[in-house]
Structures are given as C-alpha cells and as structure tokens.
Amino acid sequence: MFTLPLGDRARLRPLEPWQAPEFLAHIDRARDTVDPWIPWASFSTDLASATATLQRYADRQAADGARIFGIWLEGTLVGGVMFTRFDVATGVCEVGCWLERAAEGQGLITRACRALIDWAFEQRGMSRVEWWASSGNVRSIAVARRLGMSRDGVLRRHSVHRGERRDIEVWSVLAEEWPTDADASEAAVRAELDRLMGVFVGAFTNTGGRRPDLDVIRDLFVPQGRIIANVGAEPVIHDLDGFIAPRQKMLTDGTLTEFSEWEVSERTEVFGSIAHRFSEYRKSGYRDGEWFEGGGHKTTQFLRTPAGWRMSSMAWDDAPAGP
C-alpha cells in the first residue's frame, strides 16, 4: 500500500474499510468540528456504520467513481481528503477534505489536496477539478484559494444539512491552469510559505485541551526577527522573546481559553530569495471567561536562508481582544 509523505511528521495513504475502528475513533474526536460541514458523524456512529461509510467509497473506487485517503500525523489518523466525484467520461472530478482540530494549522490539507489534483491532471487526464463548500465554511474556502482555484459562483440554498438550507460556493481549477513541472519550484516555495504561516497561527491554539506551543515561533523566524502590533496609538515592536513570553502566559494561565486563529485569505508574492504575504485572519475564544470573536490583517516578510525559508518580520492590525 502506498504512503505519501506530507512533511516530516505526516503521511497520506488510502483509507479502507478494514481501518473502520481507527476511523471511528478519529470521528469521535472530530465530531463537533467536522460534522457541521461534512456529515461523517451522522454517517458513522458505531463500528458497523463507520465500516459502511468506508465501504461505500471502496465500492465507488472499484467503479472509478470516487476515492478516499487518510492523513496520519505521527501515526494517528487526524483527517483526510477524497474525490467525492470522479467522472472520467466528462473529465470532471471534485475534491473534498476534513480535519480534526488537533491537526489544524500545519498545512496538511493543502499539501494532500495538491497531491490529489496532481494525480487527477497528470495521471488521469482530467480537465477540471472542483471544490464545493458551504458559504459559511471559511476554512474550506481558504483552502480553495490557496490551491489557486477560481470561484465560479454560488448555488443559492442548494443543500440541506441538519435541517438548514445552505448556499454552496463552487470553486474550480482547470488542467491548463495547474502548475506544470516548470512551475514546480515556485509551487514548492509557496507551499513552504503556506506551511510556515500555518504553523505560526496554529501555535496559539489551546482548544480541546491542546497546549499551545509558542516556542515553535523561534524556529519559524530568523533570530533577529521582529513582530509588530499596530493596535494602539503607537506601534509596539517585539523581538521574539518579548512577543512569545506574555502570550504563552495568557494561553496557559486561564486568561485565554478555547482560543484559535486561522487565515481566511492571503496574497503572496515571491521575488527570488525574498517574499511577502498579506493575510486576512479570524480568531475566537474566551478571554477572562467572556466569548469573543475578531480578526484583522497581517503582513509578513520572508527570507530564503541556508536553513530554508524563514520569517523575518510580521506586522498586524486587529481588534485589541486577542493575544
């Protein structure tokens, strides 16, 4: 059975009916975050129904009509990607994804989806890959943007989930728009910048008992890196230690709980060994027991160093409720 690496710690491989116990345990962990968008929880409530869910995909794969793959992070199933539709006759397929909270912010979904789309275009000769997402699923839509897809339109009140009618956005990328081998190096750079940003925003997460790991920020930045908060009358300029210490305290002493931050859109430009990224992000959590939601914008500069791409500076502008 093939295994495709997704960085140093994660692997992509087929998800098959015999893995139903592992799949069910994963879905039990992910129900509250996954099921609002993909009805895995309502399909998979016990071993028999979880097996049936995977068997449906196995049967459709045998007919060359769908495929499903799991993402394992350090040996634990944490999510997956799939071809929900695969129509060789028309040359059109649809890619989908899901991920439990513990694996968010590491670029796993984007890398896994790129692998599926590469295969669809290069090995199977597909003409069009689609991405369907509820208009309220901002994280899914952000993945479509990172994959370079175009928004074709909105199917108004198209689908019903949990008794609620939802608008569905349709995104797509065509074979001639997908990066060729000549573009591979730039695509790899952009994937690495995506990964760095994903690790940065994921470092603050303390949802579901997860312990935030702000020390990882030192690995993302050059040692002389600066992080600038433009949220008051005067900008506040931090070195790495000055930025990390107070935020680590807030995220572990009960001041900020169930906190997460995520990128919803970005524009990245690469110029040789330097790069710039302009991001819009959202965040939510409890501060001193009070729920809050917010967002803002970041501008981030990157340098290619002997050790690889690193952040050199970041500035952000947002509401003062976050860390």
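**Exercise 1. Follow one arginine.** With which side chain does the side chain of Arg-195 make a polar contact?

*Solution.*
- Start with the ground rules. The model is predicted: local features need pLDDT of at least 70, side-chain atom pairs count only at pLDDT 80 or more, and totals for chains, interfaces and linings use all residues. Residues are numbered from 1 along each chain as its sequence is written, and side-chain values use heavy atoms, with hydrogens and water left out.
- Locate the residue. Arg-195 lies in helix α6, residues 184-202. Helices (H or I, at least four residues) and strands (E, at least two) are DSSP runs, numbered from the N terminus.
- Find the partner. The side chain of Arg-195 makes a polar contact with the side chain of Glu-192, at 2.9 Å. A polar contact is a pair of N or O atoms within 3.5 Å; within protein, one must be able to donate a hydrogen and the other to accept it, and residues adjacent in sequence count only if both atoms are side-chain atoms.
- Look further along the chain. Leaving aside neighbours within four places in sequence, Arg-195 is in contact (heavy atoms within 4.5 Å) with Gln-106 and Arg-111. Gly-107 is 88 residues away in sequence, yet 5.0 Å away in space, C-alpha to C-alpha.

**Exercise 2. Check the cysteines.** How many disulfides does the count come to?

*Solution.*
- Recall the bond. A disulfide is a covalent bond between the sulfur atoms of two cysteines.
- Apply the cut-off. The two sulfur atoms must lie within 2.5 Å. The count comes to zero.
- Test Cys-93. Its nearest cysteine sulfur, that of Cys-113, is 11 Å away.
- Test Cys-97. Its sulfur is 5.1 Å from the closest cysteine sulfur, in Cys-113, so that is too far for a bond.
- Add burial. Cys-93 has a relative accessible area of 0% and Cys-97 has 16%. Both are therefore buried (under 20%; exposed is over 50%, partly exposed in between; 1.4 Å probe, protein chains only).

**Exercise 3. Build the core around Val-129.** Which element gives the most residues to the largest nonpolar core?

*Solution.*
- Define the core. It is a set of buried Ala, Val, Leu, Ile, Met, Phe, Trp, Tyr and Cys residues joined through side-chain atoms within 4.5 Å.
- Size it. The largest has 35 residues, and Val-129 and Trp-131 are among those with the most contacts inside it.
- Name the main giver. Helix α4 gives the most, with eight residues.
- Zoom in. The contacts of Val-129 include Cys-93, Ile-117 and Met-149. Val-129 also stands opposite Val-173 in β8.
- Step away. Another core, of 31 residues, lies apart; Leu-196 and Phe-302 are among its members.

**Exercise 4. Read the sheet.** In what order do the six strands of the open sheet stand?

*Solution.*
- Fix the rule. Two strands pair if DSSP finds at least two bridges between them.
- Write the order. It is β10-β9-β14-β13-β12-β11, with mixed pairing.
- Mark the edges. β10 and β11 each have a single partner strand, so one side of each is left without a neighbour in the sheet.
- Inspect one pair. β13 and β14 pair in the antiparallel sense over 10 bridges. Thr-300 has Met-314 as its bridge partner in β14.
- Add a helix. α8 lies across β9, β10, β11, β12 and β14, at about 65 degrees to β9. Axes are lines fitted to C-alpha atoms, for helices over the stretch in contact, and angles run from 0 to 180 degrees between N-to-C directions.
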